[in-house]
Amino acid sequence: MGEGEGLTIAMPKGRIFGEGIQLLRKGGVHLPESLEPDSRKLTITAVEVGLSFLMVKPMDVSTYVEHGAADLGIVGKDVLLEEDRDVYELLDLCISPCRMSVAGLPDWSPVLHPKVATKYPRIASQYFREKGQQVEVIKLNGSVELAPLIGLADRIVDIVSTGRTLKENGLVELEPIVDVTSRLIANRASYRLKGAAIDNLSDRLASVVNQKGETQHDACGETG
Ligand code: PRP
């Protein structure tokens, strides 16, 4: 990475941060040991390698990148589909695999216009529109699995990872909508101004992802 070509990367805290940092390290980026996800700090700078990290909410990653507050972001495909931001999607990192699904109570009987609770109103609306089914979408910000249990909604559209949240709340997965993995995204202007540094980082990550792909079967989604 050249002088003056420092990069800012927006990342969600938690699992994606941990897996993203691991990928960078495997790609030969010498990040300091002190870079740990359980810190309460919202910005972390690794001066040695010219990288700064912004710790943001998952749903906000592509917003920071679109507006140029971050050059790069690591973000789930679910967020990219929901937010539809004007950013470059550079690479499928094949980390944090899960899927977006319709779920509900096992004994639910169909109604004419079901209510669907979700953190992803855009994805849910599009999915049911394409099926030709009229639904009322109810936007929630979390704990979506509660909605069918207390009669707020007939169905949910949400992320299923291990399936534990559904199981522990007596819900079943009904229809998978789309597979989700985390992606590397870039701000369009940053890519023009700092293309060499961004390509360098993206190539390093791609080589780790490809190596992993050769040695194990993983749920890598489609880029685009
Ligand atoms: C996510 C998602 C599901 C759960 C799925 O929620 O919205 O609720 O994880 O994971 P599982 O299949 O492994 O149980 P999150 O933990 O982000 O919390 P939230 O419901 O408050 O958004």
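**Exercise 1.** How far is the sulfur of Cys98 from the closest cysteine sulfur, and in which residue does that sulfur lie?

*Solution.* The model is predicted, so local features need pLDDT of at least 70 and side-chain atom pairs count only at pLDDT 80 or more, whereas totals for chains, interfaces and linings use all residues. Residues are numbered from 1 along each chain as its sequence is written, and side-chain values use heavy atoms, with hydrogens and water left out. The closest cysteine sulfur to that of Cys98 belongs to Cys94 and is 13 Å away, which is too far for a bond. With a disulfide taken as a pair of cysteine sulfur atoms within 2.5 Å, the count comes to zero. Cys98 is also buried, with a relative accessible area of 16%, where buried means under 20% (1.4 Å probe, protein chains only).

**Exercise 2.** Describe the polar contacts and the shell of the ligand.

*Solution.* Begin with the polar contacts, which are pairs of N or O atoms within 3.5 Å. An oxygen atom of the ligand is 2.4 Å from an N or O atom in the side chain of Thr165, and one is 2.7 Å from such an atom in the side chain of Glu145. At Ser161, a polar backbone atom is 2.8 Å from a ligand oxygen.

Next, turn to the elements, which are DSSP runs (helices H or I, at least four residues; strands E, at least two). Strand E9 (155-160) and helix H6 (164-168) each give two or more residues to the shell around the ligand, and E9 gives the most, with three residues.

Technical notes
Polar contact = N/O pair within 3.5 Å; in protein donor to acceptor, adjacent residues only side chain to side chain. Buried < 20%, exposed > 50% of the residue type's maximum accessible area, 1.4 Å probe, protein only.
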